[in-house]
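Please follow this account with the sequence and the coordinates side by side, moving from the contact between chains to the shared core and then to individual strands, loops and residues.

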Amino acid sequence: MDFLKKSTGHAVVLEEPTSFETSRAGATAVGLPELDVARVDPKKVFKKVRSSKARLPELSEPEVIRHFTRMSTWNYAIDLGIYPLGSCTMKYNPRLNEEIARSGELSEAHPYDPIEWSQGHLRVMWELTEDLKGVTGMPGVSLQPAAGAHGELTGLMLVSAYHKAKGRTRKTILTADTAHGTNPASAALAGFQIVQIATGEDGVIHPEALAAVLNDDVAALMTTNPNTLGIFEKNILTVANMLHEKDALLYIDGANLNAVLGLSRPGDFGADVIQFNLHKTFSTPHGGGGPGSGPIAVSERLLPFLPVPRLEKQGEKIVLVDKAPQSIGRVKAFFGNYGMFIRAWCYIRALGGEGLRQVSENAILNANYMRSQLQDVLHMPVNAPTLHEVVFNDRNQREINLDTTKMAKRLIDYGMHPMTVHFPLCVKNAIMIEPTETESRSEMDRFVSALKEIIKTPDVEQAPTRVFREKVDETKAARELKLTYKFKD
Amino acid sequence: MSQYPKELSYTKEHEWIRVDGSNGIVGITAFAIEQLGDVVHLDLPKVGAKFKAGESFGTIESTKTVSDLYMPAAGTVTEVNTALTNAPEDITQDPHGKNWLIKVALDGAPSNLMSSEQYLKYIAEAASH
Amino acid sequence: MTFQHRFLPTTSNDRAELLKACGVGSVEELLKGIPENVRFKGILPSGPAQSEIEIRRRVRTLMKDGRYAQNALSFIGAGIYDHMCPAAVNQLTLRGEFLTSYTPYQPEMSQGTLQALFEFQTMVAELFGMEVSNASHYDGSTSLAEAALMAMRLNKDRHQLLVSASVHPEYVQVLKTYLANLGVEITYIPLEAGTTSINSLKSLVSDQVLGVIVQSPNFYGCVEDLEALGVVAKSKGAMFIVSTPETLSLAVLPSPGECGADIATGEGQSFGVPQSFGGPFVGLFTSKMEYVRQMPGRLCGETIDAQGRRSYTLTLSTREQHIRRDKATSNICTNQNLMALWATVWLTMMGKENFHELAIQNLSKTEYAKEKLAATGKAKLRYANQSTFNEFVVDLKVPAQEFFQKAAALGVAPGVALSRFDETDTTGLLVCVTEKKTRDDIDHLAQILRELA
């Protein structure tokens, strides 16, 4: 266990109760300016007022700073080390993007400001739209959806509108068994039913499998490309043609777009709609689970149905147009997660067209390096060319009684975030590794050494133990639901 | 293999039914419970609800998953095991006896069910995959 | 060989070694999985790579006519509210451990995010007077749409939804889009003098109605009588759904929970979240414990670790898409965690007394502004008999959009011309006054009104 000793130090980590427990009546962390107009008593204005003040914590400014800073030290983050979650694309988040997005110029603008004041923001949106058209080779973009799953829902609503406009209702969405869980959930929310297609032994969709389920009720096929096995769907062009012959559409889940920037454009392989995850591919921070941003790009077929408002140029001026008779309408108030657009816009400017391709090339190189270093110890259920991520399972470890979950939990003791496990569902006990282009060789080696040492020492029972909190009892959490702090008074 | 009582009939979805004339008692099998892991919640229908054979009458939730519960035979719910819904974790003890799920008034004699022998063979095959 | 970019740690030496380890001579060999006929050989049209200096310069140029650069004065609200935000909030949310972590699926490495979520859920539930809050949604509009979907699940056999005509028009548009393919019919409850007509609700509600949606303070700033509306809604078994875009109002107005809401949603932007040209914000979603298994989105729960120490974890995830797939309560995955943290830090800093005091300042300044604007003789309060929190409608003697344009040229956004939402409403101006406006600012608006309207 030498490497374990070497790889994790002893951090200063302090306990911190909830703010409700440390709260002391009378303390405050803000000062308000003196009220410069006559004070109005709510009881005199409203028929009824709130029965008692909300029990928010009372702490001074230094106490608030310590409260949250202490809590922050209990988190792992990309800023600390490799975060190889497959299909999540945990890459470095450039700091200029934060500085700009949080500056007054950007953060204080209101979407209902006079249009003359908003030209800069609309210009950013316009340019990002053009960037995304370039990446996909597709003619239409809407920036409105708030996250990847929201983009999926929006895309599927467009699919529904497309068929409705042709005077028919189609109820089926085909998904591959490599699909993300959001795909069937989004399809159900858009009013569709799911039929699943099994991928072949080589991990991709085969025309014969599609032919077996393709009929006049199929509205679209939804698949990720490259798929969640990190494999490019080599039959995608045939698949697209087969769908289009039936006037069904091809939905590409863009979760794995980081593999193909400047290398392959969804528009060129027949995609009708794709959602972007700006928080994956274009490096807007994950923030512990959002905010994301999930713009969509569409083919000619779906242009009339894009959400409103839409950006339009009137001479040099950019305006927002609300009227579009065939549009599905709005999917979010205002214009989308603009703060994420500016971050993605900065990221794309920083890299440029050629740099974006470099990103994908390096992401692919890193994933292949991980494959080369681990394939002698871990089993690869599907042996095909690896792009940005590589999927193994625990078959080689079964005889030493080490499974995927245990390997993942033990990695935590080495000061590393585990890879994605038990996904994609088509691989039992999957181990899915996506290093991304922003990991150095030495950081990848650190991960590989840790995993190899775990495999050499399968008998360690308890893990993780070298952390702020050891194995968390999730069953107790679900059985004895405690979702809020119970106030004493 | 007394674990799977001979007097019960079984479904492919791992429910069992104990038929007594025109009444039945429905539960889920020990095998299913083992597969589910720690059970945290049961969602069962109200007394009086009617179901067809094969229709979902509720869900069983573990920390890992939620599974639908399917009717082994058509009928109307006459009683729900509220002792169990209040303490769903107890289902691991005696799932084929006192920890039944619902009692039903059957619409007719159940059909297309497995005997305990057939069920044992069925789950042995499922486990080998 | 290509240029060395600042975001990429792999140098050309590293690259050679990595390629060697992979057993190939070039990256091109690793791309053989992409069929030749779908390979892109051009260069993406995003221009050359730019340095930080160049990007900063470009942003400054682009934003030169913006609100900030010209130090403009604004009375625009309409769903996004310009509230104060202490410096510490921005600083704390910049900590890399919060900013650059993933969704807390590995609780042992995410206790910071999880405890913050637990505190968030506690504060949001407390403010709404409800039993359960989720860990956030995209924004107020999508929260409301998800509330309607939840009501559909709880009232499976009903297909009609009643929506007050005073709900934010963009929220209503989102609701319509969400429900377009789901077989639900939306009927609007008309207004009477600025608030939802209770008599109309009485005649519209029936045992076919799955839910009743109202907003308070409503889009026109008027405070609704939630309690009375809730009684009527629930008399026929409909879910009573309350939307609160201006959540600072919860400091002084009766909470949705006190008024009998079954589901209460809102927008957490009011908790110091930057306006950012419309997002990212933080959708709030609360309900009753008995409906918790039908709630959408993530939930954080308290538990213990292997040593018996208090810990937190995401829980009831069996409702969610990654487990239940097409039967999930929602398709939501990524939510608005960092903005939920923002709101949590802000609420913690405000604390019990100053949160209340801040609301009093909004109320007081708004009452002052109503009086001042009316006194100009150029504006008339449209709903003079209704109580408002920090927003109100005035009718101008000139077209509101015209006045808006003229004022904008002087660096003042006087409110939102209601013609933006309803072409026939040419005179209405929706004015919002938060604690950030001084008495002088308000007097200045009155002066401009006197001169231009």
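In this predicted model, the contact between chain C and chain A takes 168 residues from chain C and 177 residues from chain A. On the side of chain C that touches chain A, the element that gives the most is helix α12 of chain C (residues 337-375), with 24 residues. Sorted by character, the residues on that side of chain C divide into 81 nonpolar, 58 polar and 29 charged.

From the contact one can turn to the interior. The largest nonpolar core has 320 residues, and those with the most contacts inside it are Ala148(C), Val212(C) and Ile241(C). Helix α12 of chain A, which covers residues 338-374, gives the most to this core, with 19 residues. Around Ala148(C), once its neighbours within four places in sequence are left aside, the residues in contact are Leu161(C), Leu175(C), Leu179(C), Gly211(C), Ile213(C) and Ile241(C); the last of these, Ile241(C), is itself among the residues with the most contacts inside the core.

Chain A can next be considered as a whole. Its secondary structure comes to 15 helices and 12 strands, and its C-alpha trace spans about 75 × 65 × 45 Å along the principal axes. How does the radius of gyration of chain A, 25 Å, stand beside that of a compact globule with 489 residues? The globule would have a radius near 23 Å, and the value for chain A agrees with this. Buried residues make up 60% of the 489 residues in chain A, and among the contacts in chain A with a separation of 6 or more, 73% are between residues 24 or more positions apart.

A small sheet in chain A gives a first example of local architecture. It is an open sheet of 3 strands in the order β10-β12-β11, with antiparallel pairing, and its edge strands, each of which pairs on one side only, are β10 (390-392) and β11 of chain A. Strands β11(A) and β12(A) run antiparallel and are joined by 2 bridges, and Val421(A) has Ile431(A) in β12(A) as its bridge partner. The loop between β11 (420-421) and β12 (431-433) of chain A holds Asn429(A), which has a positive phi of about 55° although it is not a glycine. Asn429(A) counts as partly exposed because 18 other C-beta atoms lie within 10 Å, short of the 20 that a buried residue needs.

Most residues other than glycine have a negative phi, and most peptide bonds are trans. Against that background, a second residue of chain A can be set beside Asn429(A): Phe334(A), also not a glycine, has a positive phi of about 65°. Phe334(A) is placed in the loop between β9 (317-321) and α12 of chain A. Is Phe334(A) buried or exposed? With 24 C-beta neighbours inside 10 Å, Phe334(A) counts as buried.

The peptide bonds of chain A also deserve inspection. A cis peptide bond joins Asn225(A) and Pro226(A), with omega about -5°, and Pro226(A) lies in the loop between β4 (218-224) and α11 (236-245) of chain A. The bond from Gly290(A) to Pro291(A) is likewise cis, with omega near 5°, and Pro291(A) is found in the loop between β6 (273-275) and β7 (296-298) of chain A.

A helical residue of chain A may be added here. Arg70(A) lies in helix α4 (residues 61-72) of chain A and counts as partly exposed, because it has 16 C-beta neighbours inside 10 Å. Not counting residues up to four places away in sequence, Arg70(A) touches Leu14(A) and Glu16(A), whereas the C-alpha atoms of Arg70(A) and Gly31(A), 39 residues apart along the chain, are separated by 24 Å.

The last stop is a hairpin in chain C. Strand β11 of chain C (residues 299-304) is largely enclosed by the rest of the structure, because 5 of its 6 residues are buried. Strand β11(C) pairs in the antiparallel sense with strand β12 of chain C (residues 310-315) over 6 bridges, and within this pairing Gly301(C) stands opposite Thr313(C) in β12(C). Between the two strands of the hairpin there are 5 residues, and Gly308(C) takes a positive phi near 80° in this hairpin.

Definitions and conventions. Residues numbered from 1 in each chain as written. Chains lettered and ligands numbered in written order. Predicted model: local features only at pLDDT ≥ 70, side-chain atom pairs only at ≥ 80, totals over all residues. Core = buried A, V, L, I, M, F, W, Y, C linked by C-beta atoms within 7 Å. Buried ≥ 20, exposed ≤ 12 C-beta atoms within 10 Å, placed from the backbone. Helix = DSSP H or I, 4+ residues; strand = E, 2+ residues; numbered from the N terminus. Contact = placed C-beta atoms within 7 Å. Rg over C-alpha atoms; globule rule 2.2 N^0.38 Å. Pairing = 2+ DSSP bridges. Nonpolar A, V, L, I, M, F, W, Y, C, P; charged D, E, K, R; others polar.
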